[in-house]
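Here is a short briefing to read with the model open beside you. Take a moment to turn the structure around before starting.

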Amino acid sequence: MKKAFVTGITGQDGSYLTELLISKGYEVHGLVRRSSSLNTSRICHIFPEAEIAGTSKSESGLFLHYGDLSDSEQISNIMDKVKPDEVYNLAAQSHVRVSFDTPEYTGNITGLGTTRLLEAARRSNPGVRFYQASSSEMFGGKKPPQNEETPFYPRSPYACAKVYSYWMTRNYREGYDMYACNGILFNHESPRRGETFVTRKITRRIARIVAGKEKTLSLGNLDAKRDWGFSPEYVECMWMMLQQKQATDYVIGTGETHSVAEFVDAAFEYAGLDREKHVQIDQKYFRPTEVDVLIADPRKAEKNLGWKAKVKFLDLVKIMVDADMREFGVEPVGEGDMILAKRFGKKWWKGD
Ligand code: NAP
Ligand code: F7E
């Protein structure tokens, strides 16, 4: 039985990846930070015990370990104990806007944290396969469409930290012959997306407006354009990257770009609301530097991995609005559910 170690297991991607790996028969080990209230809501359907203690195991074959990417000793202890075949480094201070407020912390976790993990992984098992969650933010919006050859131009502390991690991952590949890959993923969303990223902020607020709980939605820059895909498809690609003959880096995205304004319009229209009555602009959501246009050129992944995004922009909007309507006790419009059924049939993810 293969063993995988997943950092960021309590996050959006970590939770979907864990479901995928368990469905493939892996023994999965995850790193969890201690917090004053439970932070395991995205995996509690796989790990129903409300409280984890030390190294805890659920019936589904998931082990959780307390630790933090700032703590190299604990990371090394876990790696030595688990000796995983595959390591997925998904943990990060992942919010671009927040990284301007916490540049040093972001560098420590999103940057140096990767080195701590690479080093512990290499020492515990030289044959380990390592996935690094790199980001389209590294391109800074320059020279669209962006592919594996596009030069980096990081425009936030977050992006700078991710560029550092990208190069450390390549250095471990080239220097130690380690199987280490960067997945350069463009924005990907889902009903499990963190509530302060723009897509989820919009779809949640719409559901609350429909439910009569709120009236307005405050946003920042509506002109920025992003290549938005669907997280469950992207985590499948992470796994594929670690199953190849040779380690290399891949750009992953849909190949389409849309502005924040387009997302707002599509989501309000789908929910039957008039955007003009609800949306307002607040300067506090603008960033010191913005990434204007991201659009992936994912041809390498299509050619080598046979991977292609199925869920495109409008489908994603509908899936997310429906899910949030359900969460807030409103009858969903229903098209999002039909898209999931049609495109994925019996899906391997369980919680949504
Ligand atoms: P997310 O939902 O924000 O999850 C981040 C995860 O990292 C959470 O499990 C979080 O734990 C954990 N974490 C944060 N600080 C940590 C620390 N000091 N030690 C240990 N764990 C820590 O992120 P995501 O959207 O799933 O993204 C997964 C990864 O892909 C991230 O590295 C992100 O930067 C990168 N990425 C994301 C996208 C995207 O569009 N989603 C695109 C490109 C790259 P808590 O639950 O305790 O906070
Ligand atoms: O912003 C604009 C904002 O925070 C998208 C992370 O997963 O993807 C994500 O980073 C755009 C930006 O995601 C609001 O200015 C307008 O242009 O949803 P976001 P992000 O910054 O693209 C990349 C690939 C990652 O790697 C990151 O980890 O939307 N925007 N108004 C707003 N953004 C937010 N959050 N909130 C607003 O009110």
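Which residues line the second largest pocket? In this predicted model, the lining consists of Glu195, Thr196, Lys201, Arg204, Arg205, Arg208, Glu214, Leu217, Ser218 and Tyr285. The notes below go through that pocket and then turn to ligand 2.

**The second largest pocket**

- The volume of the second largest pocket is about 170 Å³.
- Two elements each give two or more residues to its lining: helix H6 (198-210) and strand S9 (217-219).
- Helix H6 provides the largest share of that lining, with 4 residues.
- By residue class, the lining of the second largest pocket has 6 charged, 2 polar and 2 nonpolar residues.

**The surroundings of ligand 2**

- There are 22 residues around ligand 2, and those that come nearest are Ser94, Ser135, Tyr158, Arg287 and Glu290.
- This shell divides into 8 nonpolar, 8 polar and 6 charged residues.
- Ligand 2 lies between domain 1 (3-187 + 228-252) and domain 2 (194-226 + 258-292 + 313-344), because both domains give residues to the shell around it.

**Polar contacts and burial of ligand 2**

- Ser135 places a polar side-chain atom 2.6 Å from an oxygen atom of ligand 2.
- For Tyr158, an N or O atom in the side chain is 2.7 Å from an oxygen atom of ligand 2.
- For Arg193, the distance between a side-chain N or O atom and an oxygen atom of ligand 2 is 2.9 Å.
- Ligand 2 taken alone exposes 690 Å², and the protein buries 95% of that.

Technical notes: Residues are numbered from 1 along each chain as its sequence is written. Chains are lettered from A and ligands numbered from 1 in the order in which they are written. This is a predicted model: local features need pLDDT of at least 70, side-chain atom pairs count only at pLDDT 80 or more; totals for chains, interfaces and linings use all residues. Side-chain values use heavy atoms; hydrogens and water are left out. On a 1 Å grid over the protein atoms alone, a cavity is a set of points where a 1.4 Å probe fits but cannot get out, and a pocket is an open set with protein on both sides within 12 Å along at least five of seven lines; lining residues have an atom within 4 Å of a point. Grid points are joined across faces, edges and corners, and a volume is the space filled by probe spheres set on the points. Ala, Val, Leu, Ile, Met, Phe, Trp, Tyr, Cys and Pro count as nonpolar, Asp, Glu, Lys and Arg as charged, and the others, Gly among them, as polar. A residue is near a molecule or strand if one of its heavy atoms lies within 4 Å of it. A polar contact is a pair of N or O atoms within 3.5 Å; within protein, one must be able to donate a hydrogen and the other to accept it, and residues adjacent in sequence count only if both atoms are side-chain atoms. Accessible areas come from the Shrake-Rupley method with a 1.4 Å probe; for residues, only the protein chains shown count as cover. Domain bounds come from an automatic or database domain assignment.
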